[in-house]
Amino acid sequence: MEMNTISRDLSVSLSGVKLQNPVIPASGCFGFGYVMTSYYDIDILGSISIKGTTRDARFGNPLPRIAECPSGMINSVGLQNPGVDAVIANELPKLRAVFHQPIIANVSGFAIDEYVECCSKMDNAEQVEIIELNVSCPNVHGGGMSFGTSPASVAEVVRAVKAATTKPLYVKLTPNVTDIVSIASAAVEAGADGICLINTLLGMRIDIKTRRPVVANVMGGVSGPAVFPVAVRMIYQVAKACGVPIIGCGGVMTARDVIEMMMAGATAVEVGAANLVNPCACKEIIEQLPVEMERLGIDSLSSIIGACK
């Protein structure tokens with residue numbers, strides 16, 4: 001007998017922004033979105049977090065900058081992007097032409113004034129509904145993660161950006177800290193509307209034949225299924241402590257992973273490395289969600305947010 005999935009409600013809301021489902025391709029793993037239309041109709045997605053954007057165009061780190069690991073990968077791309085003005089002028093209109101769901105702008109920087117300038121421009125971009133403030137990139141020197149490893153520096157950048165923007169501000173945090181709750185709490189107290197957890201874990205591999213690191217930047221961010229339990233733990237901790245919406249991220253491969261992350265406290269879930277293994281990963285997860293909800297007796301995904309006690 002065919003399963004009845006008609007009554008299953010996949011919709012969620014991020015700070016008043018309605019998503020038809022919680023599945024969001026993570027920044028850096030889906031480009032600027034429109035290029036993926038050759039694989040499937042991307043309008044089925046809940047949202048898209050676009051490629052991390054900085055004030056100036058960046059080539060990124062030298063090659064090689066991606067390496068496989070057991071249960072994941074290391075990347076040290078280094079925020080390659082054409083710069084915020086080009087993204088707003090060219091990339092966002094191309095995405096909006098084929099995608100009619102909310103768009104999340106991921107913004108990174110190397111100084112507070114750069115964050116403020118980029119976020120202010122994204123705030124004024126008509127296509128953008130949510131700003132994702134990346135204070136967690138481990139692959140650039142002097143920016144990204146350097147802002148996200150202390151409560152004081154996180155609060156400083158969040159406060160400055162919040163004063164210059166009006167759209168919901170979600171702060172993407174690094175897991176490369178001892179106490180994630182203190183960092184998240186500082187972001188919320190400074191005005192963050194939500195938190196995104198987690199970015200990649202800092203890691204390294206060595207080519208034992210050449211005795212050199214496998215990526216030119218020596219170290220890079222570890223992603224994939226290996227980091228999933230760390231992400232679930234941090235989401236659970238921050239959800240209990242902070243009381244703001246959380247976008248979960250880190251090692252999500254299946255619909256069951258999405259449900260587990262939501263039970264930990266996530267309202268929506270970003271899918272990253274899975275897209276690099278299978279370009280249709282998000283599509284398959286969305287299709288499988290009602291089936292898993294049927295098996296688990298879940299009528300509405302919003303009802304399971306933070307269900308783990």
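**Helix α4, cysteines and aromatic rings**

At the N-terminal end of α4, Asp179 acts as a cap, with a side-chain oxygen 3.2 Å from the backbone nitrogen of Val181, a polar contact being a pair of N or O atoms within 3.5 Å in which, within protein, one must be able to donate a hydrogen and the other to accept it, and residues adjacent in sequence count only if both atoms are side-chain atoms. The model is predicted, so that local features need pLDDT of at least 70 and side-chain atom pairs count only at pLDDT 80 or more, while totals for chains, interfaces and linings use all residues. Residues are numbered from 1 along each chain as its sequence is written, and side-chain values use heavy atoms, with hydrogens and water left out.

Helix α4 spans residues 180-189, and its buried residues are Ile180, Ile183, Ala184, Ser185, Ala186 and Ala187 (buried means under 20% relative accessible area, exposed over 50% and partly exposed in between, with a 1.4 Å probe and protein chains only). These buried residues pack against α3 (151-163), β9 (169-172), β10 (194-197) and α5 (228-242), where helices (H or I, at least four residues) and strands (E, at least two) are DSSP runs numbered from the N terminus and contact means heavy atoms within 4.5 Å. After α4 comes Gly191, whose phi is positive, near 120°.

The structure holds zero disulfides, a disulfide being a pair of cysteine sulfur atoms within 2.5 Å. Cys280 is in no disulfide, and its nearest cysteine sulfur, that of Cys282, is 9.7 Å away. For Cys308, likewise in no disulfide, the nearest cysteine sulfur is that of Cys242, 17 Å away; Cys308 counts as partly exposed because its relative accessibility is 37%.

Arg65 lies over the face of Phe59, at 5.3 Å from the ring centre, the criterion being NZ of Lys or CZ of Arg within 6 Å of the ring centre and within 35 degrees of the ring normal.
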